[in-house]
Amino acid sequence: MRAAATDKDNPMTTRRDFFKLGGAVAAASVSAASISSAAMAALPEIVSTDKADTQPPLLPPNGRPYNPVVTLNGWTLPWRMKDGVKEFHLVAEPVVREIAPGMKAHLWGYNGQSPGPTIEVVEGDRVRLYVTNRLPEHTSIHWHGQRLPNGMDGVGGLTQPQIPPGKTFVYEFTARRPGTFMYHPHADEMVQMAMGMMGFWVTHPKGRHPLIDPVDRDFCFLLNAYDIEPGAYTPNVNTMLDFNLWTWNSRAFPGIDSLNVRLNDKVRIRIGNLTMTNHPIHLHGVEFEVTGTDGGPVPRSARWPEVTTDIAVGQMRQIEFVANEEGDWAFHCHKSHHVMNPMGHGVPTMIGVDHTGLAKKITRVIPDYMVMGERGMADMAEMEMPLPDNTLPMMMGQGQYGPLEMGGMFTVMKVRREQKRGDYSDPGWFRHPPGTVAHEVGAPAEPMRAPPAAAPQGKAGDVELVVRKPGGHGGHH
Ligand SMILES: [Cu+2]
């Protein structure tokens, strides 16, 4: 695994050599300090996972109480309380992430997975974060959105020396502002974020907050994107825009778990965008309000109802609503190419093209030739096409009524009356009350047509035309 992830290693040599010069000078003067190997023994235990399942919320074993979040296809990092300080240990390392059943990616992440574990603390907590670098190149961690001493901001070269491979640095600050944050490297960013290095951070309010309501369910995830050629395992890190895997927490539908909710629960969903483009995130069934961003809670007077909210690059949004409609509600990015898995590109539009005869001629040369897309692309969801190893069909996912024709940034919010408080398990498909599902009716009768209007003058079909030529004057005076 390690070897596969280091194939982008060579171009880094120059930068690493540069670090060797700069690091020694900088280390003495900054607050993020290297830890000696003797001190390593005293570090918090490394907790990691190789699973891509949604883990149950981590109830705080100590410190101020709070209502924990649920990370979609992720987990929360346990901490060690030491002299009143919450100590976390993050390990930056190559990981294997299942993007969806049938496809694994060789990514970089933290503590066994990409994204890394969610960090949950409480407003006012003193937080100490050890970061061990097991990558083949240097790294750093920026704590996006936090108020902290400048030397803890994690911008390699600017506020600290880079963390060299094999070394452990420590960050320490007080979580001053409650809200929705994330962490990611500020070192060789294009490569390290394209490889999946990122994680969520939630600072819960201490006690009641005038702008932060208690909720029954609190979900979080990051938007990310990869360019992994069908059959390959490692992302192309130079891709600027044309990604082929649009993911939530490094999972593509149907690999993204559903958000399982009890009827009438108050629900908060926190989302951060670390892709290279914006994502209009759309929830069916209810209206929501954006109650906060990475800048903090939104004043109540500035909230309005929405069913879609656009999340720009580097932004975070938290949405809230009461889940008072039962059902299986789609929840997805509204860019239609972002609810697709690979192979959707470079195919000409064939809708309306009659292939009859043509296909027959081609099959004389290519026996298993198959016409795709002359009636749209929906047939592809039903097709069992031979795929290269380790990729996903472009549309997949099965619902109770057939193929969902979705991939990428799509999942379902399942709202159920019988779901128990605190139960996040999947209740299965919604059982619709009789008579409430769209259904076929008998063959339509001949459409009613209005009788042809009697033309007052001239023959029927005589139409007066106004002809305009490009660049010229109107042809009718
Ligand atoms: Cu999108």
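In strand β10, Val202 is the bridge partner of Glu120. That pair belongs to a model that is predicted. Strand β5 and strand β10, the latter covering residues 199-204, run parallel and are joined by 4 bridges.

Stepping back from that pair, β5 and β10 turn out to be part of an open sheet made of 4 strands. Reading across the sheet, the order goes β5-β10-β9-β7, and the pairing is mixed. At the edges sit β5, residues 119-122, and β7, residues 142-144, and each of these pairs on one side only. From one strand to the next, the twist averages 25 degrees.

Further along the chain numbering comes another open sheet, this time built from 5 strands. Here the order is β13-β23-β20-β15-β18, again with mixed pairing. The edge positions go to β13, which spans 259-262, and β18, which spans 308-311; each has a pairing partner on one side only. Going from strand to strand in this sheet, the twist averages 20 degrees.

A look at one end of this sheet brings in β15, made up of residues 279-283. Strand β15 pairs with β18 in the antiparallel sense, and the pairing extends over 4 bridges. Within this stretch, His282 stands opposite Thr308, a residue of β18.

Taken side by side, the two strand pairs picked out here read as follows: β5 and β10 run parallel, whereas β15 and β18 are antiparallel. Each pair includes an edge strand, namely β5 in the one sheet and β18 in the other.

Terms used
Residues numbered from 1 in each chain as written. Predicted model: local features only at pLDDT ≥ 70, side-chain atom pairs only at ≥ 80, totals over all residues. Pairing = 2+ DSSP bridges. Axes fitted to C-alpha atoms, helices over the stretch in contact; angles between N-to-C directions.
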